[in-house]
Structures are given as structure tokens and as C-alpha cells.
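Here are a few exercises to work through with the coordinates open. Each has a task and then a stepwise solution.

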Amino acid sequence: MKAGIPPVAAARGSGRAGPPRLSPPRPTHARQRPKGSARMSRYTPAEIEPKWQKAWDEALTFKAERKNGKPKYYVLEMFPYPSGRIHIGHVRNYTMGDVVARYKRATGHNVLHPMGFDAFGMPAENAAMASGGHPKTWTYDNIDTMVEQMKPLGLSLDWSRMFATCDPEYYGQQQALFLDFLEQGMVYRKNAVVNWDPVDMTVLANEQVEEGRGWRSGALVERRELTQWFFRISDFAEDLLEALDGLDDWPAKVKTMQANWIGRSRGLQFAFSTTDAPEGHDRIEVYTTRPDTLLGASFVGISPDHPLARQLERDSEEVAAFCAECRRTGTSEEELETAEKKGYDTGITVRHPFDTSWELPVYIANFILMDYGTGAVFGCPAHDARDLEFARKYDLPVSSVFVPAMGEEGTYILPEDGGPAYVPPKVETVRYLKPFAGEEAMTGDSGVDAAIAFCEENGVGQGVTKYRLRDWGLSRQRYWGCPIPVVHCDACGVVPEKKENLPVELPDDVSFDQPGNPLDRHPTWRDVACPSCGAPAKRETDTMDTFVDSSWYFARFTAPRAGTPTDMADAEYWMNVDQYIGGIEHAILHLLYARFFSRAMHLTGHLPEKSREPFDALFTQGMVTHAIFQTYRRETHPDPQPDKLVRHYLFPEEVITFQHDGIEKAVETAFAESLEGVGGLSSVQALAEVHRIADMNGRGVEIIPSAKMSKSKKNVVDPVSIISQYGADTARWFVLSDSPPERDVEWTASGAEAAHRHLSRVFRIAAEAARAEDAPQGSDEVLLREMHKTIHDVTQGIESFGFNAGIARLYAFTSTLSKSDAGGEAKREAARTLAQLMSPMTPHLAEEMWSMLGGEGLVADAPWPVADETMMVEDTVTMPIQINGKRRGEVVVPKDMPKPEVEELALSHHAVLKALDGGAPKKIIVVPGRIVNVVV
RNA sequence: GCCCGCGUGGUGGAACGGUAGACACAGGGGACUUAAAAUCCCUAGCCACAUGGCGUGCCGGUUCGAGUCCGGCCGCGGGCACCA
């Protein structure tokens, strides 16, 4: 640990509210205390933490090895991207995992808790372009820094298993998996669109497209088709959907999101016959999930990429112009859906399948995706908001098919009369105005079923099940990724690389001085002999999506140095991941891809059957947020241009926060110090005056609370400075306190100080207990009873991911212990138990307490304390008495008092007597042990 | 736009459909100290002197009883297939 960050920097600022802190606490480690009598009562994390980390290292405490006789437990946190520095969000993520890992160790499990890096990806290339370095150097330097920053956290990791996905040993095995998948027919090539920057001549990621323009060139982005590699994940759609049911320990919201993403739908596929269409387009296939609304059809819409649209484009400049415009939007669904709905009337019509004299116009529409369904839809404006918007824009007819079944008369406005589109859930019963199949009143679901049956009978089309899930395009036109191990040969076509030639390693001699993929411009790497015929051929220059890297790393951790992707014996022993922990932002893509991969790895013999679902339990944690401090700076321009106010962000350490008139305010430290005569930072009054002056001068600071931390907004907290100031245990304790793990937590400097004060207090109390006189006293039992309740509640808290609740109990128990007048031995027992209960959260402090209280060995090796149920039983219970559901009093009764007696007691309560006023109660509800409610 | 969440004092939050505000931060008061820091104790949802009334984003519903369940709205966050 590095000594001394400027005290002002950490203590000022970012306090949520309150008076200015004028004399910040000095970093604890800076006090070089003489060894001696006072030494034992001072909490010095800077001494304690490295000492115990060394002890764990030397004892190989956290090395994971296959062992018989103990149940295994595999806990995994989503591995980080090596961005360069660890982030307080990482601290929270890994601390949660560490709590689980240490707790499971203590409860007799053989724990695997590994760490690695998700190391391929665009930021490394961006850095190389910006500063001329090499992605590889940048990445490995970052990894070194981050490991160095993570080690002081004291995580119970088996560092010997560490790897980065950009290690050739890792991605070589990934290439082997790719070849096996290819052989099994789970990979194929097809055309797909990408964002194309016509100036930089390069493919852009969605995030590199800003308002339809390339982020560097500013050129209008185009969609361009390329031949790309795909995983057949959609073949697994049904299985991936069905299996969600078995994931009992996954959050319901994640399962819902995945189910919606897979999007199984039952619908009708049929064809409209066309009039006046070019040859070969006499039919337009459409797919609809609402065939019951066929009689409300108003138009047919086709994708700009639909074969018919393509044909028309060739024949007409106008159509070509319209399609070109449609293709100018990005490829993301969000952009397509939020863009203004536009259509082009082709002049072609189709005949309605139920009535051939009824013709509908065919529009090319920018919101229809070629990838989903058939690339064509029929529009029913009355029952689809988007179709209604479109119909109103192009003055197309709107005709209701059904109306609400009951009620709402008088308030319901038909869409044709200007009302909104009526889109009830399909389970709701509606009344059909023009039923052609089924009942007049029925649910949407029945309506759809009846419509499908009717259409099938009459030869109009057939019921089909479709999925929204598309195949996974894995080709990326970038350097810093896992090379796709195939060779393109003029004679043999696409030829897989031979396994003995793996890994196909990335060449080091590349430059990023021009846009595009350097592999494309690297002749000696690119030009190879065909593995099949030996003729001159070219390597595939696309690399893999980085989601591939993270789709199997959990399996690799079970045998990180194996010469094959996995070692079956190790996989059999360690898989599955018993507890997986990570951000909710990965709820869909990463987790779905990993579920697909583990199925594919099972099919290719790399994982056992049980690992088709690799994560037994999932927990999604919230973010760490921090207030943003925003101000404006005057930017001066030469005459005649006026000066401009430009938004400017301040780091937390650049401001002082305080509370005035009940409102939290902030002033810029530098500005306050520049003022003379107002007393600067000496009091709330002076700060308020500074604040007033700042506002008048356009130097006011605006506080935007609870924002996701980001470097550009400067609302970041660096864990390294927190650790050097307070120690790792304080950082760990803080990120676990207060907020429930699944929710976002706002980092506040005052909260961190409070955590540190508490740990110091615990240390003092433990030191006192160690010295306490061993005279037995009457209140031993009170303390021990409380201890057993605490064991129970903290255990419960950890088991249920209620770390904050467990910590609240530990606060309470610390308070009990400090006030207890129990004998020394009881106090020591209580303090040792406290150390054990705290050990998953604050492992270093716990070890120190344990050793000072005469605990045997390491607390990390001590078995978890077990609550004695008999010590927790209370014989009386306080029951609140409610009158009409409002609390009016309480009675203390024996725990198992029979209902009639409780009723009698309640009725004699003065508040009840007063409320009854001589009358009889209407009803009395007694919930044993909980509550009495008297209804009068 | 679509899918999924979340919303409780000045602040973070607690609460099997059963005493709303545990625990903590900030605040107020006090003890100790020459003074301060550190520490310890007390206090505290809001309104009202009080009896009491009002309170879990807003509106409505179910229930003896709703922060919790249902419907509708508002606000904020996550995801939307090439950010990881």
C-alpha cells in the first residue's frame, strides 16, 4: 500500500450532507505507533491486512484442489474487463462473491473461487489508435495493474488459476471448440448487415454510431452486407426456453427477460396474392401472431430488404432512394423502433385471402425487419400502435375487429374515431365485431387459435411456432479478438485449420495508424497454404465476438492449464457453478450465450450432461453510484463571438458539500478559497455565503444524485485510495452495508468513514474482551442468548444474500457486547463468535481478533458457528392490539396462549373498551404470536 | 418504441399480507476535555401544546388488516443482438 493520499482529497466532498469536515481523519496507516502497551487497542489495517494475507498465502488456504469427503462449492463472479484500474463496482461484486466463498469454506465445503480477465475487445484497439501503443501491451499492463490493485482486498481467490482470454493458451482452446462446433453443424456462414463507415472504410459497432454518424469520421453510416459466421443458437431456442423453468435459484426477472428475448410465438403464416407485381413476386408471405385481426387488415408492409423491395429498387430510382434512406439508420433494434415510421407506396396491391375483391396497398416500411418472420406483415391499425401511427400518417383505413368485452361503455373510443390502438393482453376476453371463427366473446388467445384452425381448414395458411431469437453472428472485423481458425481456398472453399496447428495466433507486428482491420493488411499472416490441398490460400481475417470468450471461461477455470478445452474429470468434479454473481446488464446476452455454449460443449464432449445448464444459482447485484457535481465554465471567444457557458464536471474531492436550509448544497473548494473576507470554509454560514456568491457569478455547483459512475462525469471513487486510507476491510464492509446487494448503492465518503469507525470500535471491544476479568456474572446468559440469535440472523443473511441485514445485526450485537457486564470468558466467547461472523466480510480484522482472543489456527479455517435453537426461544411475546386495523395498544402474553384467552385479554384492554363503548365487537382476528385485530 | 426492474424520514435502508421507519449516515442535546480530536450517553418521520391526525411516488381496488397483492398512471434505472 502506498502511503498518504492528501487527506483533504478524500475527506472533503462527496459527503451527502452535513457540515464541512475541516480536519479530516488522518490515514490510519500513517500513524507509526511505537510498539508497546497501547499497541493492542489501536486498529491498524495497514499492518494487519498484509500480515494476514501473507499468512493465507503461506498456508495455501485458498488453493482449490479436488478432494473427496467434502462437498465442492464453485463460486464465481463475472470476470472483469481490464480497463486499467479497478472500480468500486468491482469491489462490491468480488466482495459479495468472497463472502459466499469464505462462508462456504467455513461450512465445510471445498471451494473453487477463481479470477480471470475478459481481455479481448475494442477499448484496447481504441487505446492503440489514440496513443500508438499495441493492444497486447496495453491489455497486459492493465491486467498487471488490476491484479496489483485487487490483491490488497484480501479476496479468497485461487490466483494460480488466473488467465486472460487473450492468452493464446485460452483462445487456442476456443478455436478448438469452434472447429468441433463447425464439425457438428452448429456454425455456418450467411450474409448479414453491419454499420459501415464510408469514410473510414470500416465496420462500426453500434456504440460507435452517434446519431447516424461514425464517431470519428462523422460520416453518415450505411448498412452493408458481409458474409459472416453464425452459431445456430436458434436451433436451441425451444430448449433454452423450456429449461428456464428448472432454474429455481435464478432471479425471476432474468428468466422473464430471457423468455421474452427468445420470444416464442404461435401464429399464422400465409400468403397474399399480388396484383401488378413484377414477375416472380405473385405471392407475399406474411407471418402474424394476431390472425384473429385479419378482417382489420389495412395494408401490407415489407422490409426494405425484402426480395420484392429489392426488385422494385432495381426498377425505380424513387424506390431505390427510399430504400437507401431506410438503410441509413443504424442496425440496432432501438434505432429502428424509435425512428419515425416511414413508408413508400409501391402501387402494388394484394388480395385479401377471405375476399379477393378486397385489395390492400403494399408499402415498403422502414420499421420491418427482414430478419424476423418473413420480412413482411399485414398492418392492422386498430390493434397495433405502430400500425395505427402508420395508417394515420398515410391516411389508410382503420377498422376495429374487437372491442372491450364489458364495462367501459361510454369511455371507450374506437381507434377509427381517434382513440388509441386497442391492444389488450391475449388472456383478456374481448367482444369480436366481425367474428369469422370461434365465439363472439372470447380471449385473444382463443381468437388466435380459432383463426388458425379456420385458416388451416380453408387452405389460407398454417399455424407455425416462431422464435424472436436470431442466430448469433460472431464475426468481427477487428484485430484484438480470437482469430476464426479457417482458411479460404479457391479450390477447396472454406477449410478448417488443423487442430495441431492451433492456436492460430494473432501477429504482433501490426499498426493502427489507419482504420480497419490490420489483419486484412498483413500479407505474411494472411497468406497461407490451404490445409487441405496446399495451394495458396488466405486466412479468415475476422475475429470472434468477445461474447464467445466469456461463454465458456467458467468451464476453463476447472482446468485452466489443460491441453484440451476442458478436462472431463475436473469438469465433472467442479461443475456446475454453484453461485454465479454479476451485473443485471448481463441478464440476457451473456447468460443466454453461455447457456448455449454449455449445451454445445456437452454435444461435442467437452462438458458433462449436468452442465447443459452451467449456473445453478444466479445473483445479480446493483451498481455503485455517486453524485455528479456539475458546474459551468465561461469559454471566452475573440470578438465578435459571444462568450459561451460550457458544462464542466468536478471530482468529488474538488467540492465541499454541506446542508443549508434543509437542502444539500455544494461549493467548489478552489472558488471558496479564492474569495477573501467571507470566511472561506470555516462555517456553514460562510459556505452558504460562498454558495450565494458562486450562484451570482455563474460558478454554482449543481448536485445530480445517484448517477452511474463514469470517468467522463468525474463522479468516480477510486478503491485504491479508499484502501490506502481506511484499509480493505472498511471498503468491503461499506459496500456490503446499507443497501441490499441487488440494488444500486450510493458511495458516500461519510458512509466509508462510518464503516471505518465501526471496525475500529469492534477492534477495541475485542481487545477489551481479551483482557476482561474472568469473574462470572449474572448477565452471561443475556449476552449468549443474543449471540445465538445473531449467529442465526447473520447466517440467514448470508444464505439469502441479505448481507446488509446481516450487517445490521452485527452492529446491534456489537453494541450489546460493548454494554454487557458479562464475565470475561463469556465476553471472549461472544467476541470470538463476532470475529467468525464478520470473517466473510472483514477477513483481516476477524483474523486479528481471533488470534488476540485465543482462537485456534486461522479463523479462515474455523468451522462456522451454529446457533443453539434452545437459546433463542422466548417464552413471552408482545402482541399489538389493532382496532379496525390500526394499532391502539399491546399486550404481553405467554408465547403459546390459546386464542380465546388472548381475545379475552384484548377485549379488556382499555383502548378496546373505549372503542367498543359498551357494544359488542363485530369480529376479532387473532394471529397467534403476531397480532390481534378487533373490528368494531 | 419494446422487454425487465425500482420508487419508504434530511440520507442509505429494515419490515413471512400483521406494531412502518430495525441498523446506519447526517442533525440536535449532553458527558469527558483548559480547548479540540477521539470516545460514550440521550434524542429524533411529518403536523399539532396535547388528546390526536397524516404518512411507504400518484389514483383506484381486494382484505379484518396493504410498503407488500391487483389495475391504471408518473418518475428513475437496466437491456435491445457489434460496449463489455
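**Exercise 1.** In this predicted model, work out whether Asp305 is buried or exposed, then find its salt-bridge partner and the parts of the chain that the pair ties together.

*Solution.*
- Step 1: Start with accessibility. Asp305 has a relative accessible area of 16%, and the cut-off for buried is under 20%, so Asp305 is buried.
- Step 2: Look for a side-chain nitrogen. Arg327 supplies one, and the closest N and O atoms of the pair are 3.0 Å apart.
- Step 3: Place both ends. Asp305 sits in the loop between strand 10 (299-302) and helix 9 (307-315), while Arg327 belongs to helix 10 (residues 317-327), so the bridge ties together parts 22 residues apart in sequence.
- Step 4: Check the partner. Arg327 comes out at 14% relative accessible area, which makes it buried too.

**Exercise 2.** Take the salt bridge between Glu337 and Arg386 and say where its two ends lie.

*Solution.*
- Step 1: Get the distance. The closest N and O atoms of Glu337 and Arg386 are 3.5 Å apart.
- Step 2: Map the ends. Glu337 is in helix 11 (residues 333-338) and Arg386 in helix 12 (residues 385-394), so this pair links distant parts of the chain, 49 residues apart.
- Step 3: Add accessibility. Glu337 is partly exposed at 41%, and Arg386 is partly exposed at 28%.

**Exercise 3.** Do the same for Arg595 and Glu613, then name the residues of the network that salt bridges with shared partners build up.

*Solution.*
- Step 1: The Arg595 and Glu613 side chains meet at 2.8 Å, N to O.
- Step 2: Arg595 lies in helix 18 (residues 589-603) and Glu613 in the loop between helix 18 and strand 26 (618-621), so parts 18 residues apart in sequence are tied together.
- Step 3: Both ends are buried: Arg595 has 0% relative accessible area and Glu613 has 13%.
- Step 4: Now follow shared partners. Arg223, Glu225, Asp305, Arg310, Glu313 and Arg327 join into one network. The count for the whole model is 39 salt bridges.

**Exercise 4.** Describe helix 13 (residues 444-457) by its span, its buried residues and what covers them.

*Solution.*
- Step 1: Its 14 residues reach 20 Å from first C-alpha to last, close to the 20 Å expected.
- Step 2: Buried residues here include Gly444, Val448, Ile452 and Cys455.
- Step 3: Their cover includes strand 8 (265-275) and strand 17 (461-466).
- Step 4: Just past the helix, Gly459 adopts a positive phi of about 70°.

Conventions
Residues numbered from 1 in each chain as written. Chains lettered and ligands numbered in written order. Predicted model: local features only at pLDDT ≥ 70, side-chain atom pairs only at ≥ 80, totals over all residues. Heavy atoms only, no water. Helix = DSSP H or I, 4+ residues; strand = E, 2+ residues; numbered from the N terminus. Expected span 1.5 Å × (residues − 1). Buried < 20%, exposed > 50% of the residue type's maximum accessible area, 1.4 Å probe, protein only. Contact = heavy atoms within 4.5 Å. Salt bridge = Lys/Arg side-chain N within 4 Å of Asp/Glu carboxyl O.
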